Amino acid sequence: METGNHTFEAGGYRFTLHHTARGVCGLTLGAAGVPEAPRGRPPAFVTTAERRIRAHFTDGDEIRGVRLDLAALTPFQRRVVSLLPRIPRGATVTYGRLAAMAGAPGAARAVGAAMARNPLPIILPCHRVIASDRTLRGFSGHGGLGTKRALLSGEGVRWERDGTVSPAC
């Protein structure tokens with residue numbers, strides 16, 4: 001199957017969109033370990049994804065309508081990550097709440113594992129998922145928890161003095 005990648009900068013981050021002929025299958029966030037983009041024009045669905053990511057950072061738009069290839073995920077992981085776009089910008093949900101939304105109450109750890117395997121951070125906004133005590137846990141993107149906090153802050157999430165996410169979010 002034909003594959004490729006496309007690198008661009010937006011919102012102070014460097015992104016590489018990885019794709020197959022079926023759709024965007026991965027997004028690498030940050031400069032560390034980012035492969036160089038091939039010469040030539042990327043497929044239209046990749047340039048659409050780039051435009052939507054840019055609009056997310058410049059206009060606050062949610063990232064919708066991107067053609068995705070999630071074939072590398074298990075059925076459970078696909079079910080969980082497909083729920084992430086339902087979490088609005090500036091809001092958060094707990095791993096346990098997301099497990100219940102996926103029809104698997106009590107599977108918070110499995111949801112955490114699915115978040116760690118999310119190949120499309122930002123597009124499928126796993127940074128909006130937090131621990132039950134309202135702390136930040138895990139973010140596999142470049143910069144780890146610092147990036148997760150910056151992304152949430154950029155979306156308007158408020159913080160308590162102890163560093164936890166405000167209950168209003």
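Five salt bridges are present in the structure, which is a predicted model. One of them joins the side chains of Arg-54 and Glu-50, with an N to O distance of 2.9 Å. Both partners belong to helix H1, where a spacing of four residues places them about one turn of the helix apart. This arrangement may be set against a general property of helices: an α-helix has 3.6 residues a turn, so residues three or four places apart point the same way. The two partners fall into separate classes of accessibility. Arg-54 has a relative accessible area of 33% and is partly exposed, whereas Glu-50, at 14% relative accessibility, counts as buried because the cut-off for that class is under 20%.

A further salt bridge is formed between the side chains of Arg-128 and Glu-155, again characterised by a distance of 2.9 Å from N to O. Here the pair links distant parts of the chain, 27 residues apart: Arg-128 is situated in the loop between H4 and E5, and Glu-155 in the segment after H5. Arg-128 and Glu-155 are both buried. The pair also takes part in a wider arrangement, since a network of salt bridges links Glu-62, Arg-128 and Glu-155.

The side chains of Asp-133 and Arg-137 likewise meet in a salt bridge, at 3.2 Å from N to O. In this case Asp-133 is partly exposed, its relative accessible area being 40%, and Arg-137, with 43% relative accessibility, is also counted as partly exposed.

Two members of the salt-bridge network, Glu-62 and Arg-128, recur in the lining of the largest cavity. The structure contains one cavity of 30 Å³ or more, and the space within the largest cavity amounts to about 30 Å³. Its lining is completed by Ile-63, Arg-64, Pro-85, Ile-122, Ile-123 and Pro-125.

Among these lining residues, Ile-122 is notable for its backbone conformation: although Ile-122 is not a glycine, its phi is positive, at about 80°. In general, most residues other than glycine have a negative phi. Ile-122 is located in the loop between H4 and E5 and is buried, with a relative accessible area of 3%. A positive phi is also found for Arg-134, another residue other than glycine, with a value near 70°. Arg-134 occupies a position in the loop between E5 and H5.

The packing of the nonpolar residues was examined next. The largest nonpolar core comprises 40 residues, and those with the most contacts inside it are Phe-15, Leu-17, Leu-84, Leu-98, Met-115 and Ile-123. Two or more residues each are contributed by strands E1 (3–10), E2 (13–20) and E3 (24–29), together with helices H1 (44–59), H2 (75–83), H3 (95–101) and H4 (108–116). The greatest contribution is that of H1, which supplies four residues. Apart from this core lies another, of five residues, including Ile-130, Leu-136, Val-157 and Val-165. Such clustering can be viewed beside a general tendency: in soluble globular proteins, nonpolar side chains tend to be buried together.

The surroundings of Leu-84 illustrate the packing in the largest core. With neighbours within four places in sequence left aside, Leu-84 is in contact with Leu-98, Met-115, Asn-118, Leu-124, Pro-125, Cys-126 and Val-129. Of these contacting residues, Leu-98 and Met-115 are themselves listed among the residues with the most contacts inside the core.

Contacts to the region around H4 are also made from helix H2, in which Gln-77 is found. Gln-77 counts as buried, at 12% relative accessibility. When neighbours within four places in sequence are disregarded, Gln-77 is in contact with Ala-114 and Arg-117. Gln-77 and Arg-117 are separated by 40 residues in sequence, but by 7.9 Å in space from C-alpha to C-alpha.

Helix H5 spans residues 144–154, and its buried positions are Gly-144, Thr-147, Lys-148, Leu-151 and Leu-152. Viewed down the axis of H5, these buried residues lie within an arc of 135° and therefore line one face of the helix. The elements covering the buried residues of H5 include E2, E3, H1, H3 and strand E5 (129–130). Just after H5, a positive phi of about 95° is adopted by Gly-156.

Methods
Residues numbered from 1 in each chain as written. Heavy atoms only, no water. Core = buried A, V, L, I, M, F, W, Y, C linked by side-chain atoms within 4.5 Å. Buried < 20%, exposed > 50% of the residue type's maximum accessible area, 1.4 Å probe, protein only. Contact = heavy atoms within 4.5 Å. Arc of directions from axis to C-beta. Salt bridge = Lys/Arg side-chain N within 4 Å of Asp/Glu carboxyl O. 1 Å grid on protein atoms, 1.4 Å probe; cavity = no way out; pocket = protein on both sides within 12 Å on 5 of 7 lines; lining within 4 Å. Points joined across faces, edges and corners; volume = space filled by probe spheres on them.
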